[in-house]
Amino acid sequence: MRTYLRVLAYGKPYFWMGGLAIGALFLYTLFNTFSLLSAIPFLEILFFQQGAVPAPPETSFSWLDAGSWKDHAYYQLLMVTQEIGPIQMLWYFCGILFLTITLKSIFRYTAAWFISPLEQGIMENMRNHLFSHTSSLGLSFYTKKRKGDMISTMVSDVQVVQEAITGTAQSVIREPIMMVFLLITLIFISWQLTLFVLFLLPATGYFINRISRSLRKRGRRGQDTLSRLVSTLDEFISGIRIVKAFQSENYEQAKYQQHNRDYTRTMVGIRRRVDSASPVSEILSIGVICLIILYAGHLILEEGAYGPRKAEFIGFLVIFSQLLSPIKTFSNSLARIQKGIAAYQRIELLLDEKPHIQEVEKPLSLEGFHEEIRFEDIHFSYPNHPVLHGVSFSVKKGQTVALVGPSGAGKSTLVDLIPRFYDPAGGSILIDGKDIRQVKIADLRALIGNVTQEGILFHDTVFANIAYGQPETALEKVMEAAKMAHAHEFIQELPEGYQTVIGERGTALSGGQRQRLSIARAILRDPDVLILDEATSNLDTASERLVQDALTALMEDRTSIVIAHRLSTILQADEILVLEAGKIIERGRHQDLLLQNGLYRTLFDMQFQS
C-alpha cells in the first residue's frame, strides 16, 4: 500500500478536490445507508396488523442504549401509522425513499466530478516527472539502457498504472466508508449477528489477499515480458536494412513470436486470477449469508434470543447483502492495484537512476569564451573499458584543433567531455581558467555548438529543426542561417519550403541535405566553441564539397575542435592531435606531421594513395 500512496502523492496539487470528493462520498454513503435502513420500518408497517394497538416500550428512553432507541422509534412509527393509516404512511415512505436515493445519486456524481481531475492529474504529473527525470540523466545511462525497455516503461507501465488509478481511486475511498457505515448500521440492528459476521469475514479477506499477492508477481512478470517484446520490435525496425540484407526475417519473426507467446501466457494467467477474485468473493459471501440465515433462524425460531421483529432480520440480510458489494468491489480494486503496483515498481527503477552529471551547489557563471580551453591529464573509462590515459592539450580562442586517429582511439569521448556529457575519471578541463565541473551546465552548453556525423534531425518542419531550442526566432534569421549553410536553395524546392515536415530523423532528405540543416542549426545558435564530429564522413564527394563549404563558413572566427576521418578537411588546422589507444602520440600542423613519418603519415598515405 505504501507504493500506492507514493503514486497518489503525484496528485498533491489536486488534494483539495480529493477532500471535496471524500465529503461528497461521505454524504453519498450516509444517504445510501439511510435508504437501506428505511426498509426496516417499511417492513414493520407491512407486518403491523391493522387495528392492533402498539405495545408501549417496557423501558424508559435512554440515549446510550441502542435497544431503547429502536423500541421507542418503532412505537412512535406504529402510533403514527395507526393514526394516519398504513396507505398514507407508505406514501410518506416512498417520498422519503425517492428523496434519499436522489440525493445519494447527486452526491455520487459530485464525487466523481471532483475525483476525475485528481486521477488524471496524478498521471499527468507522473508522466511529467518521469520524462523530466529521464531527460536529466547523462549519456552513460542511455548507452547501457535498451531503448525498447525505456519505451515500455514510459508508455506501457504508465498505462497500467493509469488503469489502476483511474479505475480504483474512487473505489478505494468510497468502499471503506461504505463498509464502515454499513457495519455500524448492522451493529445497531443486532450486535450478536454482526459479531458472528465479523468472525466469518476474515476467511474472505485471506483468499482475496492470496489472489492479490499472486497478481503482483504475475503483473511484474507481465511487464518484463512486454518490455522484451517492445525491445525486439524496436531493434527490428531500427535495423530493418540489416535484417533485409542478411535475409533474417524468419529469425526475427521467430524471436518476436517467442516473446509474444511468453507475454500471452503471462497475461492469460493474470486475467484468470483477476477474474477469479469476483467469483471467489461471491462464493464466500453467499456462504456467509447462508450461515447467517442458519444462525439467526435458529435464534428466532427456537430460542427467541434475537427478538420478535422479523423485519429487523430481513433488514439485516438486505443491508448485509449491500455490504458484500463494496467488499467485492474493493477486492477487485485491490487486484487491479496490484497490477499497477508491479508496473510502478518498474517505473521506480527508472526513477531511482541518478544523474551522473551533477551541478555543484553554488556554480560559477560562465559568460562567453575569451582565452582557452585546457585539458589537463585527462583519464576516462567506460565500465570495464579504459579509454583515455593522461591526455593534455589546449585550444586557444579562434584556433582550429583537429583530432585524428583510428577507431576506438578516444576522439569522440574526448569531445563529449567538453559539454559534460561525461565527467573525466581523472584530470580536469578548464575554460578560461574555470574547471567546467564548477560552472553552470546551462552556461557551459550555451557556448558550444555540435555538428555530428549522423546529422540528427526531428520529425518536424525544416524551420523547427533549424530553430531547435529557439522557437521564437524570426523566419528571416532562419533563412539567413540556411543560406550560410548552403541549404536555402534545396529548402525552397521542398513542397512547403521551410514548413515542410522532413520525417523521422530527416528521412525525407539526403545525407548532405541533413548535414546542411544541422550546420544551419549550429550557425543560428552562434556558438563560441564549435565541435565537429566527423561531419562529412558519410557523404559522397558532391555533398561533401557543399557541406565543407558550409562548415568553412560556420568555423570562421570561431574556436573549433574537429574530429576528422577525411584528412583533406583538416589540412589548414592550427594543430592536429593524433590519438592512439587513448593517448596523444603526435601533434603539430599538417606538414610537420608528414615529416615525422608516424601514424599520421601512414593514415595520410592510405587515403591519398588509394
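In helix H2 (helices being DSSP runs of H or I with at least four residues, strands runs of E with at least two, both numbered from the N terminus), the buried residues are Met17, Gly18, Ala21, Ala24, Leu25, Tyr28, Thr29, Asn32, Thr33, Ser35 and Leu36. Buried here means under 20% relative accessible area, exposed over 50%, and partly exposed in between, with a 1.4 Å probe and protein chains only. The 23 residues of H2 should span 33 Å at 1.5 Å a residue, and the end C-alpha atoms of H2 are 32 Å apart, which agrees; the expected span of a helix is 1.5 Å times one less than its number of residues.

This is a predicted model, in which local features need pLDDT of at least 70 and side-chain atom pairs count only at pLDDT 80 or more, whereas totals for chains, interfaces and linings use all residues. Residues are numbered from 1 along each chain as its sequence is written, and side-chain values use heavy atoms, with hydrogens and water left out.

The protein chain has 20 helices and 10 strands, and of its 610 residues 45% count as buried. About 32,000 Å² of the protein chain is exposed, of which carbon and sulfur atoms supply 58%; these areas come from the Shrake-Rupley method with a 1.4 Å probe, and for residues only the protein chains shown count as cover. With contact taken as heavy atoms within 4.5 Å, 77% of the contacts between residues at least 6 apart in sequence join residues at least 24 apart.

The largest nonpolar core has 52 residues, and those with the most contacts inside it are Met126, Val161, Phe316, Phe320, Tyr344 and Ile347. Such a core is a set of buried Ala, Val, Leu, Ile, Met, Phe, Trp, Tyr and Cys residues joined through side-chain atoms within 4.5 Å. The elements that give two or more residues to this core are H1 (2-8), H2 (15-37), H5 (86-136), H7 (147-189), H8 (191-238), H10 (249-303) and H11 (310-351), and the largest share, 15 residues, comes from H7. Phe320 touches Leu186, Val197, Val288, Ile289 and Ile292, residues up to four places away in sequence not being counted. A second, separate core of 44 residues includes Leu509, Leu551, Met555 and Val578.

Helix H5 has 51 residues and reaches 74 Å from its first C-alpha to its last, close to the 75 Å expected at 1.5 Å a residue. A kink of about 30 degrees nevertheless lies at Ile115 in H5, shortly before the proline Pro117, the bend at a residue being the angle between axes fitted to the seven residues ending there and the seven starting there.

Leu351, in helix H11, is buried with a relative accessible area of 13%, and, residues up to four places away in sequence not counted, Leu351 touches Tyr10, His129, Leu130, His133 and Tyr344.

Arg420 lies in the loop between helix H12 (411-416) and strand S4 (426-431), and at 2% relative accessibility this arginine counts as buried. A polar atom of the Arg420 side chain lies 3.2 Å from the backbone oxygen of Gln358; a polar contact is a pair of N or O atoms within 3.5 Å, where within protein one must be able to donate a hydrogen and the other to accept it, and residues adjacent in sequence count only if both atoms are side-chain atoms. Neighbours within four places in sequence aside, Arg420 is in contact with Ile357, Gln358, Ile436, Arg437, Ile441, Leu444 and Arg445.

Asp533, in strand S7 (residues 529-533), is also buried, at 15% relative accessible area. Beyond its neighbours within four places in sequence, Asp533 is in contact with Ser412, Val451, Thr452, Gln453 and Ile563.

Three pairs join residues distant in sequence, as follows.

| Pair | Separation in sequence | C-alpha to C-alpha distance |
|---|---|---|
| Asp533 and Thr452 | 81 residues | 4.8 Å |
| Ala581 and Val387 | 194 residues | 7.1 Å |
| Leu351 and Leu137 | 214 residues | 10.0 Å |

Most residues other than glycine have a negative phi. Ala581, in the loop between strand S9 (575-580) and strand S10 (583-588), has a positive phi of about 55 degrees although it is not a glycine. Ala581 is exposed, with a relative accessible area of 54%, and is in contact with Val387, His389 and Ala409, leaving aside its neighbours within four places in sequence. Asn597, in the loop between helix H19 (590-596) and helix H20 (599-608), has a positive phi near 50 degrees and is exposed, with a relative accessible area of 57%.
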